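Reader: I'm new to this one. Can you put it up and walk me through the main parts?

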Amino acid sequence: MITDPIADYLTRVRNAIAAKHRLVEIPASNLKKNITKILFEKGYILNYKFEEDNMQGIIKIALKYHPVTKMAAISSLKRVSSPGLRKYVNADELPRVMNGLGIAILSTSQGVITDKEARKLNIGGEVICYVS
């Protein structure tokens with residue numbers, strides 16, 4: 001049993017990038033699917049696919065690398081809020097990752113969104129992770 005499935009998700013992606021894998025498979029959940037969609041929309045991953053099996057399903061993520069330098073598009077993934085210590089922010093305290101070059105993923109009343117979208121909507125929420 002995994003006590004922190006989001007940390008497991010981020011660790012699997014980090015490990016796949018460190019090993020220069022093209023594809024990583026992760027057990028699915030609705031929150032993980034939303035995080036994957038955000039990573040795809042912001043250009044951090046090449047593609048993704050949700051596969052259903054008889055249990056919880058699988059997320060297949062194709063990682064993105066630079067064609068010449070072979071550097072990964074994701075340089076860092078950092079879990080902020082954990083089950084033991086939740087990190088909530090107000091609309092005026094939203095974090096900036098790498099001075100706006102990275103993104104913070106938040107779970108809000110409007111769903112899972114980035115810090116930039118939360119600023120536009122003027123809402124706060126739980127900071128899930130930082131991506132840069």
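Author: One term to begin with. Buried means under 20% relative accessible area, exposed means over 50%, and partly exposed is in between (1.4 Å probe, protein chains only). This is a predicted model, where local features need pLDDT of at least 70 and side-chain atom pairs count only at pLDDT 80 or more, while totals for chains, interfaces and linings use all residues. Residues are numbered from 1 along each chain as its sequence is written, and side-chain values use heavy atoms, with hydrogens and water left out.

Reader: Okay. Is Ile-61 buried or exposed?

Author: Ile-61 is buried, at 1% relative accessibility. Its place is strand β3, residues 58-63. Strands (E, at least two residues) and helices (H or I, at least four) are DSSP runs, numbered from the N terminus.

Reader: What is Ile-61 in contact with, leaving aside neighbours within four places in sequence?

Author: Contact means heavy atoms within 4.5 Å. The partners of Ile-61 include Tyr-9, Val-13, Leu-23, Ile-26, Thr-36, Ile-45 and Tyr-48. Arg-22, Val-24 and Asn-47 are also among them.

Reader: How many residues apart in sequence are Ile-61 and Glu-25?

Author: They are 36 residues apart in sequence. In space, Ile-61 and Glu-25 are 6.4 Å apart, C-alpha to C-alpha.

Reader: Which residues have the most contacts inside the largest nonpolar core?

Author: Val-13, Ile-61, Leu-63, Ile-105 and Val-131. That core has 26 residues. A nonpolar core is a set of buried Ala, Val, Leu, Ile, Met, Phe, Trp, Tyr and Cys residues joined through side-chain atoms within 4.5 Å.

Reader: Which elements supply at least two residues each?

Author: α1, β1, α2 (30-41), β3, β6 (103-108) and β8 do. The largest share, 6 residues, comes from α1. Another core lies apart from this one. That other core has 9 residues, among them Val-97, Ile-113, Ala-118 and Val-127.

Reader: Switching to the sheet. In what order do the 3 strands come?

Author: The order is β1-β3-β2, in an open sheet with antiparallel pairing. Two strands pair if DSSP finds at least two bridges between them. β2 and β3 are joined over 6 bridges, in the antiparallel sense.

Reader: Why is one side of β1 and of β2 left without a neighbour in the sheet?

Author: β1 and β2 (45-51) stand at the edges, each with a single partner strand, so one side of each has no neighbour in the sheet. Neighbouring strands are turned by 20° against each other on average, direction ignored. Such angles use axes, which are lines fitted to C-alpha atoms (for helices over the stretch in contact), and run from 0 to 180 degrees between N-to-C directions.

Reader: What stands opposite Ile-61 in β3?

Author: Tyr-48 does.

Reader: And which strands do the helices α1 and α2 touch?

Author: α1 packs on the sheet and touches β1 and β3. Its direction makes about 165° with that of β1. α2 also packs on the sheet, touching β1, β2 and β3. The direction of α2 makes about 150° with that of β2.

Reader: Back to Tyr-48. How many aromatic pairs does the structure hold?

Author: It holds 2. Rings of Phe, Tyr and Trp (its six-membered ring) pair if their centres lie within 6.5 Å; planes under 30 degrees apart count as stacked, over 60 as edge-to-face and the rest as tilted. Phe-40 and Tyr-48 are edge-to-face, at 5.3 Å centre to centre with 75° between the planes. Tyr-48 and Phe-50 are tilted, at 5.1 Å and 45°. Together, ring pairs link Phe-40, Tyr-48 and Phe-50 into a cluster.

Reader: What is the relative accessibility of those rings' residues?

Author: Phe-40 is partly exposed at 35%. Tyr-48 is partly exposed at 24%, and Phe-50 is partly exposed at 28%.

Reader: What lies over the face of Phe-50?

Author: Lys-33, at 5.3 Å from the ring centre. A charge sits over a ring if NZ of Lys or CZ of Arg is within 6 Å of the ring centre and within 35 degrees of the ring normal.

Reader: Last topic, backbone angles. Where is Lys-20?

Author: Lys-20 lies in the loop between α1 (5-18) and β1 (23-27). Its phi is near 60°, a positive value in a residue other than glycine. Asn-122 has a positive phi too, near 55°. Asn-122 sits in the loop between α3 (115-121) and β8 (125-131), and is exposed, with a relative accessible area of 58%.
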